[in-house]
Amino acid sequence: MDYFLTEDQKMIRELARRLAQEKVAPVVSELDEKEEFPWEIIKELGQADLFRVFVPEEYEGLGGKTFELCLVTEELSRICSGVAVSYAASALGSLPIILFGSETQKKRYLPQIASGEKLTAFGLTEANAGSDAAAIETTAVRRGDKYVINGTKQWITNGGEAEIYTVIVMTDKKKGSRGASAIIVEKDTPGFSFGKKERKMGIRASATTELVFQDCEIPAENVLGKEGMGFIIAMKTFDASRPGIGAQAVGIAQGALDVAVGYARERVQFGQKISSFQAIQHMLADMATQIEAARALVYATARMIDSGVKDVAKESAMSKVFASDMCMKVTVDAVQVLGGYGYMKDYPVEKMMRDAKITQIYEGTNQIQRNIIALHLIKEAASRTKK
Ligand SMILES: Cc1cc2nc3c(=O)[nH]c(=O)nc-3n(C[C@H](O)[C@H](O)[C@H](O)COP(=O)(O)OP(=O)(O)OC[C@H]3O[C@@H](n4cnc5c(N)ncnc54)[C@H](O)[C@@H]3O)c2cc1C
């Protein structure tokens, strides 16, 4: 399908596609097997200016666009979504600064992120606060011109590898969700360390780690927006980042379809290529159609965000939920097309199926996305009735 990309967008997509083929494909199994953070590849992406795509031009970026971020994430995910998420999590960690940072904060951090010199991470989740993000227990207490942070964040992508962390903390527990704040924490700050590094089902090249704060003192000027804005910042960040998860899902599914089609054209059973069996053809046709539908939704949402539409929570949730459910189904079907070979590590589809699962879980589970969509539908209907 033609999405009428600009020449620049085509160039960015080609560059990401080429790097994924040349630099990621040869090491994808090794990264997965060893659960190794892909530093060499991250450096290559930085040198190719791909971290600049999601940073505004004023801060040494190429425009700060969601659409371009989705293109790069999709192309990397086609080959290895562990690499893709290490890249995209840096956009997630940067978004609170891009959307809510002061001029000083933007000037200090964004150019280093744009160059790929420093990765970022976003820390919200805790052991007792997953979907119920307002239940976070990590506190930041104001003392003079500093905040003192205590608590532990868990499952933070790029944890330990990133230099810059945007973290959601409770500054006034009494106020509930209005008592949270977003604060920037730099890696080498005393009192900030990294706990358990998780071993995972998929996206194993990415780092998922605890962030541990013990009397960690942060200058008050590192607060993003104002004290009490933490949840608004987190929610607006997710609204802008969820199409990126959609793009990750589209990329994984496309990669799985590519392998399945190639395999079906080679594998001979009953004296003929399995691609000549209608049962296989229909599976491939459904996979391709579902991928295209998800891609169209993700791209349309990214374009809405880039054109400045203010409330994209519903569309953002729709693109994440649709693309990730599609991805899970398509990767399972890809394994089926390959039969027993699909189950073996010699072929990439088993990894793709493992990688697909996370897209239904992180940045808000698909149940939570459906809650968001339904809430918006009901609100929209109520406001129509009022008129
Ligand atoms: C690999 C990985 C990387 C991650 N990276 C990050 C990161 O970089 N930063 C970060 O802050 N977090 C990160 N997370 C956390 C992730 O966002 C959470 O796992 C997710 O939000 C769900 O929280 P939970 O796992 O605690 O599930 P829970 O909230 O405990 O949910 C368990 C089940 O109950 C369902 N459920 C819960 N509440 C409701 C409800 N109200 N209605 C219907 N169903 C409901 C859920 O959908 C789910 O099926 C990561 C997680 C993983 C696994």
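Begin by selecting S131 together with the ligand: a polar side-chain atom of S131 lies 2.6 Å from an oxygen atom of the ligand. Keep in mind throughout the tour that this is a predicted model.

With the ligand still on display, add T365, where an N or O atom of the side chain is 2.6 Å from an oxygen atom of the ligand. Then select L124 and show its backbone, because here it is a backbone N or O atom that lies 2.8 Å from a ligand oxygen, a pair that falls within the 3.5 Å limit for a polar contact. If you now colour the ligand by how much of it is covered, the figure to hold in mind is that the ligand taken alone exposes 980 Å², of which the protein buries 65%.

Next, widen the selection to the shell around the ligand, which holds 21 residues, with T125, S131, T157, T365 and Q367 coming nearest. Which elements each supply at least two residues of this shell? They are β1 (120-123), β3 (146-157) and α11 (366-386), and selecting these ranges puts them on screen beside the ligand. Colouring the shell by residue class gives nine nonpolar, ten polar and two charged residues.

Now turn to the space itself, since the ligand sits in the largest pocket. This pocket contains about 1100 Å³ of space, and its lining comprises 44 residues, among which T125, I361, Y362, E363 and G364 lie nearest the pocket centre. To see where the lining comes from, select α4 (66-79), α5 (81-100), β1, β3, α7 (230-266), α10 (349-358) and α11, the elements that each give two or more residues to it. By class, the lining of the largest pocket is made up of 24 nonpolar, twelve polar and eight charged residues.

For the last stop, move to the second largest pocket, whose volume is about 490 Å³. Select T66, L95, L99, A240 and I305, which are the closest to its centre of the 20 residues that line this pocket. Showing α4, α5, α7 and α8 (278-306) then brings up the elements that give two or more residues to the lining of the second largest pocket. Which element provides the largest share of that lining? Select α5, from which five of the lining residues come. Finally, colour the lining of the second largest pocket by class, and eleven nonpolar, four polar and five charged residues will be picked out.

Conventions. Residues numbered from 1 in each chain as written. Predicted model: local features only at pLDDT ≥ 70, side-chain atom pairs only at ≥ 80, totals over all residues. Heavy atoms only, no water. Near = heavy atom within 4 Å. Polar contact = N/O pair within 3.5 Å; in protein donor to acceptor, adjacent residues only side chain to side chain. Areas by Shrake-Rupley, 256 points an atom, 1.4 Å probe, with all protein chains shown as cover. 1 Å grid on protein atoms, 1.4 Å probe; cavity = no way out; pocket = protein on both sides within 12 Å on 5 of 7 lines; lining within 4 Å. Sits in = over half its atoms within 2 Å of the grid points. Helix = DSSP H or I, 4+ residues; strand = E, 2+ residues; numbered from the N terminus. Nonpolar A, V, L, I, M, F, W, Y, C, P; charged D, E, K, R; others polar. Points joined across faces, edges and corners; volume = space filled by probe spheres on them.
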